[in-house]
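I opened my notebook to look at one protein, step by step. Here is what I looked up, in the order I looked.

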Amino acid sequence: MSLHVTVRYFASLREALQRGSEEVATRAATLGELRRELAARGGAYAEALAPERAVRMALNQVMAGEGEALAAGAEVAFFPPVTGG
């Protein structure tokens with residue numbers, strides 16, 4: 001059974017993927033599984049969402065870790081860590 005979620009990309013991820021958001025049908029149960037599923041698309045996705053890259057995640061506008069469970073209709077955001085100066 002697949003879930004439909006909205007995925008939003010910010011900052012350098014948005015530039016790399018050339019999109020700010022997309023609707024995704026996924027079989028992923030967690031944020032980490034969704035990230036791996038998207039990276040498996042290859043190309044820019046594989047590079048931008050690679051496991052060794054520092055990428056922050058939010059679920060329904062709340063910071064979350066890879067083990068956070070997904071639900072139908074969720075909003076997922078991926079973005080690089082923010083540094084201040």
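**Entry 1: a word I need**

I count two residues as in contact when they have heavy atoms within 4.5 Å. I also noted that this is a predicted model.

**Entry 2: Glu22**

I started with Glu22, which lies in strand S2. Is Glu22 buried or exposed? I take under 20% relative accessible area as buried. Glu22 has 11% relative accessibility, so it counts as buried.

Which residues does Glu22 touch, if I leave aside its neighbours within four places in sequence? I listed Val5, Thr6, Val7, Tyr9, Arg41 and Tyr45. Tyr45 came up again when I checked polar contacts: its side chain makes one with the side chain of Glu22, at 2.9 Å. The side chain of Glu22 also makes a polar contact with the side chain of Arg19, at 3.4 Å.

**Entry 3: strand S1 and its partners**

Next I turned to strand S1, residues 3–9. I found this strand mostly covered, with 5 of its 7 residues buried.

I reminded myself that strands of a sheet pair through backbone hydrogen bonds, either parallel or antiparallel. S1 shows me both senses: with S2 the pairing is antiparallel, over 6 bridges, while S1 and S5 run parallel and are joined by 4 bridges. To see the pairs residue by residue, I looked up one for each partner. Leu3 has Thr26 in S2 as its bridge partner, and Thr6 stands opposite Glu75 in S5.

**Entry 4: the whole sheet**

In what order do the strands of the sheet stand? I wrote down S2-S1-S5-S3-S4, an open sheet of 5 strands with mixed pairing. Strands S2 (21–26) and S4 (62–64) are at the edges; each has a single partner strand, so one side of each is left without a neighbour in the sheet. Ignoring direction, I get an average turn of 35° between neighbouring strands of this sheet.

I then followed S5 to its other pairing. Strand S5 (residues 75–79) pairs with strand S3 (residues 56–59) in the antiparallel sense, over 4 bridges. Within this part of the sheet, I found Met57 opposite Phe78 in S5.

**Entry 5: Val82**

I kept going along the chain to Val82, which sits in the segment after S5. Is Val82 buried or exposed? Over 50% relative accessible area is what I call exposed. Val82 has 74%, so it is exposed. I also checked Val82 against Val55, which is 27 residues apart from it along the chain. Their C-alpha atoms are separated by 9.9 Å.

**Entry 6: stepping back**

Finally I looked at the protein as a whole. I counted 3 helices and 5 strands, and along the sequence they follow the pattern β-α-β-α-α-β-β-β.

How does the radius of gyration fit a compact globule? A compact globule with 85 residues would have a value near 12 Å, and the protein has 12 Å, which agrees. Taken along the principal axes, the C-alpha atoms fill a box of roughly 40 × 30 × 20 Å.

Of the 85 residues, 40% count as buried. The accessible surface comes to about 5,000 Å², and carbon and sulfur atoms account for 50% of it. My last note is on contacts with a separation of 6 or more: 50% of these are between residues 24 or more positions apart.

Definitions and conventions. Residues are numbered from 1 along each chain as its sequence is written. This is a predicted model: local features need pLDDT of at least 70, side-chain atom pairs count only at pLDDT 80 or more; totals for chains, interfaces and linings use all residues. Side-chain values use heavy atoms; hydrogens and water are left out. Two strands pair if DSSP finds at least two bridges between them. Helices (H or I, at least four residues) and strands (E, at least two) are DSSP runs, numbered from the N terminus. Axes are lines fitted to C-alpha atoms, for helices over the stretch in contact, and angles run from 0 to 180 degrees between N-to-C directions. Buried means under 20% relative accessible area, exposed over 50%, partly exposed in between (1.4 Å probe, protein chains only). The radius of gyration is taken over C-alpha atoms; the globule rule is 2.2 Å times the number of residues to the power 0.38. Accessible areas come from the Shrake-Rupley method with a 1.4 Å probe; for residues, only the protein chains shown count as cover. A polar contact is a pair of N or O atoms within 3.5 Å; within protein, one must be able to donate a hydrogen and the other to accept it, and residues adjacent in sequence count only if both atoms are side-chain atoms.
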